[in-house]
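Trainee: I should like a close look at a single part of this model. Please choose one residue and follow its surroundings outwards through the fold.

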Amino acid sequence: MYNRIVLAVDGSENSLRATKEAVKLVSLTPGCQIDVISVADFSKSKSEILHTQGREELELKRRQKLAPVEEILKQGNVAYKLKILHGEPGPTIIEYANKEKVEMVIIGSRGLNALQEMVLGSVSHKVVKRVHCPVMIIK
């Protein structure tokens, strides 16, 4: 069915649910690989940098935040690559998915109501509109 899937995660409950759904999907397709990407948001990274001792500690904190995602993938015996990208989440996920020519993007929904989504915009909505492959949004 699919050979290469992008799973966009941020360590939240929604991304853990998305990870579980990705494992289910991949279990149906032997040989499928998941590219797990997490985007270090520029708007939040300034605060992260100010509150850490150095680059190594910052990378360790980011990896620890993604440890539950990795655990779910390991339990499901899923082949995956983890990448931490830098930038604004929506455009960075879109650029990666389109450049790498993946076959599907799986992303969690933050659960904004209609007004919040209209005012703030949502990463998942941006991805759906601009990526060149099917997108599965997990709620």
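Mentor: Threonine 19 is found in helix H1; helices (H or I, at least four residues) and strands (E, at least two) are DSSP runs numbered from the N terminus. The model is predicted: local features need pLDDT of at least 70 and side-chain atom pairs count only at pLDDT 80 or more, whereas totals for chains, interfaces and linings use all residues. Residues are numbered from 1 along each chain as its sequence is written, and side-chain values use heavy atoms, with hydrogens and water left out.

Threonine 19 has 0% relative accessibility and therefore counts as buried (under 20% relative accessible area; exposed is over 50%, partly exposed in between; 1.4 Å probe, protein chains only). Apart from neighbours within four places in sequence, threonine 19 is in contact (heavy atoms within 4.5 Å) with Leu7, Val9, Val69, Ile72 and Leu73. With the same exclusion of neighbours within four places, leucine 7 is in contact with Thr19 and also with Ala18, Ala22, Ile34, Asp35, Val36, Ile37 and Ile106.

Leu7 and Leu73 lead into the largest nonpolar core, which has 22 residues; those with the most contacts inside it are Ile5, Leu7, Ile34, Val36, Leu73 and Ile106. Such a core is a set of buried Ala, Val, Leu, Ile, Met, Phe, Trp, Tyr and Cys residues joined through side-chain atoms within 4.5 Å. At least two of its residues come from each of strand S1 (4-8), helix H1 (13-27), strand S2 (33-41), helix H4 (67-75) and strand S4 (104-108). H1 gives the most, with 6 residues. A second, separate core of 15 residues includes Ile37, Ala97, Val105 and Val131.

Strand S1, to which Leu7 belongs, is largely enclosed by the rest of the structure, because 5 of its 5 residues are buried. Ile5 and Leu7 point one way from S1, while Arg4, Val6 and Ala8 point the other way. In general, side chains in a regular strand alternate between the two faces of the sheet.

Two strands count as paired if DSSP finds at least two bridges between them. S1 pairs with S2 over 5 bridges in the parallel sense, and isoleucine 5 stands opposite isoleucine 34 in S2. S1 and S4 also run parallel, joined by 4 bridges; here alanine 8 stands opposite isoleucine 107. The open sheet has 5 strands in the order S3-S2-S1-S4-S5, with parallel pairing. Its edge strands, S3 (79-87) and S5 (135-138), each pair on one side only. Neighbouring strands are turned by 20 degrees against each other on average, direction ignored.

H1 packs on this sheet, touching S1, S2, S4 and S5, and its direction makes about 145 degrees with that of S4. Axes are lines fitted to C-alpha atoms, for helices over the stretch in contact, and angles run from 0 to 180 degrees between N-to-C directions. Helix H5 (residues 89-100) lies across S1, S2, S3 and S4, at about 150 degrees to S2.

Confidence is given as pLDDT, the predictor's score for each residue from 0 to 100. The protein chain averages 84, and 81% of the residues score at least 70. S1 has the highest confidence, at 96, and helix H6 (residues 114-120) the lowest, at a mean of 49.
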